[in-house]
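Me: I want to learn to read a model like this one, feature by feature. Where do we begin?

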Amino acid sequence: MFVINCPFCGERDQSEFSSGGEAHIIRPKQPTELSDDQWAEYLFMRKNIKGVQFERWNHAHGCRKWFNMIRDTSNDKIHAIYKMGEKPPIV
Amino acid sequence: MLNLETSIQGNKSYNNLTISEVEPVIKINLRSKKREFSAKIGKILSIIPPVESNMSSINDNYSLLWLSPDEWLLYSNNKISNYEEQINLEDKLFNQISKLNQGAVTNVTDHLVMINLNGNKIYDLLSKGCPFNFNDFMSKKGSVAQTIVNHTDVILHNINEGNLNLFVRRSFSKHLWSWINDSARFI
């Protein structure tokens, strides 16, 4: 369990949030031109690394807004939180 | 047709704690990202939507709670005397906001149940099943929090210290009411 600083509501317990997986995955501009393998790569394949990862989170039981987080998956240390559309800070 | 039947029957009193459902109260959800929205609401209701997060605006008739940067909950401070009063307010907001593409107006009167908690132990009671830190919240007049109490989504409006309105979805209200009463016996 850890505390997340929602960019809209402030510090809240992790149980109020839901994880949306890896962040900054760009949707292909022409999905019809992709092969099945390429589409599956975009749709399902995630890095899931042990270490610092860029993630999307949703304050599901609060303001219901999405935001981005840079988190170390090995120790749950949060390095940065930034709003959707903002450039990720350098950590 | 709105269901204005009460969800919970009666009210309960414990040592330094009173719990009661307040109904019927008008509840309207407002959503907008437009700049003109605040001025429009101010003109219709004489109340400005709070911009500061987790806060509320209150006047004689209405309270307006911040839910997210583009979402607010409006509710009447007093019980409504008739059904028409509610429909008139909804129509007025709908015609001047939704119809003009200024935002969305949704009547959630029968979607949410409002429970009033009164007494100096209400924060101890909620803390039994809630991960929210009430330290700053309790002393801040008009503060708002959306959180979970006993796994149930709630909106908390701190009118002043020791007096709080809790909004819960109608389908969860009886369950939460039972839990509150059960927990109140042990504080």
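Reply: Begin with one residue and its contacts. This is a predicted model. Leaving aside residues up to four places away in sequence, W72(B) touches L30(B), P49(B), L64(B), L65(B), W66(B) and L67(B).

Me: Which residue is the bridge partner of L30(B) in β6(B)?

Reply: That partner is W72(B). The strands involved are β3, residues 27–31, and β6, residues 71–76, both of chain B. They pair in the antiparallel sense over five bridges.

Me: How many bridges join β5(B) to β6(B)?

Reply: Six, and these two strands also run antiparallel. Look at the connection next. β5(B) and β6(B) form a hairpin with two residues between them. S68(B) stands opposite E71(B) of β6(B).

Me: Which residues have the most contacts inside the largest nonpolar core?

Reply: L65(B), W72(B), I115(B), L166(B) and V168(B). The core itself has 45 residues. Its largest share comes from β8(B), with five residues.

Me: Now the sheet. In what order do the strands of the open sheet lie?

Reply: Read a sheet by strand order, then edges, then twist. Six strands of chain B form this one, in the order β1-β2-β8-β11-β10-β9. The pairing is antiparallel. The edge strands are β1 and β9 of chain B, each of which pairs on one side only. From one strand to the next, the twist averages 20 degrees.

Me: Which helix packs on that sheet?

Reply: Helix α5 of chain B, residues 170–184. In chain B, α5 touches β1, β2, β8 (112–118), β9, β10 (152–160) and β11 (163–169). The direction of α5(B) makes about 135 degrees with that of β11(B).

Me: What span does α5(B) reach, and which of its residues are buried?

Reply: Compare the span with the expected one. α5(B) has 15 residues and reaches 21 Å from first C-alpha to last, close to the 21 Å expected at 1.5 Å a residue. Then check burial. S173(B), L176(B), W177(B), I180(B) and A184(B) are buried in this helix.

Me: Back to the edge. What joins β1(B) to β2(B)?

Reply: Four bridges join β1, residues 11–14, to β2, residues 17–21, in chain B. The two strands run antiparallel. S13(B) stands opposite T18(B) of β2(B), and Y14(B) stands opposite L17(B). This is a hairpin too, with two residues between the strands. Check the turn for backbone angles: N16(B) has a positive phi of about 60 degrees.

Me: Why does I159(B) count as partly exposed?

Reply: Count C-beta neighbours. I159(B) has 17 inside 10 Å, so it counts as partly exposed; buried would need 20 or more. I159(B) is found in strand β10 of chain B. Setting aside residues up to four places away in sequence, I159(B) touches L164(B) and N165(B). Sequence distance and spatial distance are separate readings. I159(B) and G142(B) are 17 residues apart in sequence, and their C-alpha atoms are 5.0 Å apart in space.

Me: And the contact between chains? How many residues does each chain give?

Reply: The size of an interface is often given as the accessible area lost when the parts come together. Here we count residues. The contact takes 10 residues from chain B and 11 residues from chain A. On the side of chain B that touches chain A, β5 (62–68) and β9 (143–149) of chain B each supply at least two residues. β9(B) gives the most, with three residues. By class, that side of chain B has four nonpolar, five polar and one charged residues.

Conventions
Residues numbered from 1 in each chain as written. Chains lettered and ligands numbered in written order. Predicted model: local features only at pLDDT ≥ 70, side-chain atom pairs only at ≥ 80, totals over all residues. Pairing = 2+ DSSP bridges. Contact = placed C-beta atoms within 7 Å. Nonpolar A, V, L, I, M, F, W, Y, C, P; charged D, E, K, R; others polar. Axes fitted to C-alpha atoms, helices over the stretch in contact; angles between N-to-C directions. Buried ≥ 20, exposed ≤ 12 C-beta atoms within 10 Å, placed from the backbone. Expected span 1.5 Å × (residues − 1). Core = buried A, V, L, I, M, F, W, Y, C linked by C-beta atoms within 7 Å.
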